[in-house]
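Please walk through this protein model step by step, starting from one helix and moving out to the rest of the chain.

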Amino acid sequence: MLVALIDVNNFYCSAEMSFRPSLKNRPVVVLSNNDGCAVARSNEAKALGVKMGQPWHEFRNLEEEAGLVALSANFTLYGDLSDRVMSIAAGLGHEQEVYSIDECFVSLEGIPGDMTARARAVRERILQWVGLPAGIGIGRTKTLAKFANHVAKTADRKPGSYPGELARVANLADLDGAEVDRLMEATELEEIWGIGPRIGAQLRADGLATVLDVKQMDPATARRRWSVVVERTVRELQGMSCIDLEDAPAPKKEIACTRSFGRPVRSVTQLEEALSDFAGRACEKLRRQGGRAGQVLVFIRTSPFRKQDKQYSRSVVVPLRRPTADTGLVCQAAIAGLRAIYREGFNYAKAGVMLLELQPAVVQQEELDLGDDTSDRTDLMAAMDRLNLRYGRGTVLVASSGSGALPRDWHMKQERRTPRYTTHWDEMAVARA
Ligand SMILES: [Mg+2]
């Protein structure tokens, strides 16, 4: 297996900058729903010490003192730009897993030629066509591709941290074993994909510090002392692929469930079923991490490799009335989104659902019960998860007929939201000559 991970740098901030170049090289922060806390930071904002998740009132002073620009999250814009990036990235290989709003894995199996040159060309295209800077890492397993991506991005952002020729695109397959080991030795183990803070602390307590230390663990010991998950990570770092495409631990900021279809799908009914299934899986992951989602992104697309087909690719972001982990509500939103973007007459090859604007369930404010779609079904959802865990996935499903029009985002406070440049006629960017 050879796989690439494509990841946009500081995605939300970069998306804002691509339409407002005056923001480049300035400290920029994107705030969560209701302008509560930082969900994205430009490199300059990071340098000022703004932390991920930090409440706005704590660093509001930097607006005056350091020229910091704070913006409301514009998920409509991010969703659309994400779709464009993913369409370009898909051209790198035959199989793509959209892992999060700004990251995807692409399998390079069976692709001839110089992979590094190919990856550089795709990176250039994303920069030129969408205006977003990305990093690409290539390795023999997904965990190694993630690691290579970390090297590519860090070498670019902090010159001297890694060899300069690995900046932006790092292909571990170009290097010999000793060179890869040196990179691993220079990297803290917390950077390893799938190693959370809890396991990270335990590994540290055991005297491990770098990625290389983890790679050099005995897999059997890793399983005995920790878990099969850590064992799998060790093997992946050693170059043995254990995590297939489309089979990944949940990312921090978004949860995606996407799939390539075995054969082209044409009917809206089949897409509705597929997306309901994806929405259900994504919600299950969300509940497992105790979260709620504020928005749902839905996308459908044809295959760029079926040159004989007419091509079509669209995505839409549907805001939820309030943050939820309820499969039924998320399915409704996903289906409403699908109906808005579906066009007849195309061979759809891929579709997906992404949950955005995640927040812990405990943060949620108690609100007035408006008596519409909001009755609390937490217990029902928990029962559904238990049944599916015990009797197998798909034992209990929502019927997913879908209902009504797109939910409105009327109660969201987004005072600093930039225009939805790419999806709304009346908000389009205007060029003056
Ligand atoms: Mg990123």
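**Helix 14 and its surroundings**

In this predicted model, helix 14 covers residues 327-341, and at 1.5 Å a residue its 15 residues should span 21 Å; the C-alpha atoms at its ends are 21 Å apart, so expectation and model agree. Most of helix 14 is covered, with 12 of its 15 residues buried. Among the buried ones are Thr 327, Gly 328, Leu 329, Val 330 and Cys 331 at the start of the list, and Leu 338 and Ile 341 at the end of it. The N-terminal end of helix 14 is capped by Asp 326, which places a side-chain oxygen 2.8 Å from the backbone nitrogen of Gly 328.

Helix 7 can be treated in the same manner. Its 16 residues should span 22 Å at 1.5 Å a residue, and its end C-alpha atoms are 22 Å apart, which agrees. Of these 16 residues, 12 are buried, so helix 7 is largely enclosed by the rest of the structure. The buried residues of helix 7 include Leu 144, Phe 147 and Val 151, but also Lys 142, Lys 146 and Asn 149. As background, an α-helix has 3.6 residues a turn, so residues three or four places apart point the same way.

Next comes the metal site. Which protein residues are the donors of the magnesium ion? They are Asp 7 and Asp 102, each through OD, and Val 8 through its O atom, at 2.1 to 2.4 Å from the ion. Along the chain these donors follow the spacing D-V-x93-D. Asp 7 belongs to strand 1 (residues 3-8), while Asp 102 sits in the loop between strand 5 (95-100) and strand 6 (103-107), so the pair ties together parts that are 95 residues apart in sequence. Both Asp 7 and Asp 102 are buried.

After strand 1, the next element to consider is helix 1, which covers residues 11-19. Ser 14 is part of helix 1. Is Ser 14 buried or exposed? Its relative accessibility is 9%, and because buried means under 20%, Ser 14 counts as buried. A polar atom of the Ser 14 side chain lies 2.6 Å from the backbone oxygen of Asn 9. Leaving out residues up to four places away in sequence, Ser 14 touches Asn 9, Leu 132 and Pro 133.

Helix 1 also leads to a sheet. It lies across strand 2, strand 3 and strand 4, and runs at about 110° to strand 2. These three strands form an open sheet in the order 3-2-4, with mixed pairing. Strand 3 (38-41) and strand 4 (69-72) stand at the edges with a single partner strand each, so one side of each has no neighbour in the sheet. Neighbouring strands of this sheet are turned by 30° against each other on average, direction ignored. In general, strands of a sheet pair through backbone hydrogen bonds, either parallel or antiparallel. Strand 2 and strand 3 pair in the antiparallel sense, over three bridges. Val 30 has Ala 40 of strand 3 as its bridge partner.

Two loop residues deserve a look at their backbone angles. Asn 25 is in the loop between helix 1 and strand 2 (28-31). Its phi is near 65°, a positive value in a residue other than glycine. Asn 25 is exposed, with a relative accessible area of 66%. Arg 168 is in the loop between helix 7 (142-157) and strand 8 (169-171). Phi of Arg 168 is near 75°, again positive in a residue other than glycine. At 38% relative accessibility, Arg 168 counts as partly exposed.

Gly 200 is the last residue on this route. It lies in helix 9, which covers residues 197-205. With 1% relative accessibility, Gly 200 counts as buried. Its contacts, leaving aside neighbours within four places in sequence, are with Leu 189, Glu 190 and Ile 195. Between the C-alpha atoms of Gly 200 and Glu 188, which are 12 residues apart along the chain, the separation is 9.8 Å.

Finally, consider the chain as a whole. Its secondary structure comes to 15 helices and 13 strands. Of its 433 residues, 51% count as buried. Among contacts in the chain with a separation of 6 or more, 69% are between residues 24 or more positions apart.

Key: Residues numbered from 1 in each chain as written. Predicted model: local features only at pLDDT ≥ 70, side-chain atom pairs only at ≥ 80, totals over all residues. Heavy atoms only, no water. Helix = DSSP H or I, 4+ residues; strand = E, 2+ residues; numbered from the N terminus. Expected span 1.5 Å × (residues − 1). Buried < 20%, exposed > 50% of the residue type's maximum accessible area, 1.4 Å probe, protein only. Polar contact = N/O pair within 3.5 Å; in protein donor to acceptor, adjacent residues only side chain to side chain. Donors = N, O, S within 2.8 Å, 3.2 Å for Na, K, Ca; no water. Pairing = 2+ DSSP bridges. Axes fitted to C-alpha atoms, helices over the stretch in contact; angles between N-to-C directions. Contact = heavy atoms within 4.5 Å.
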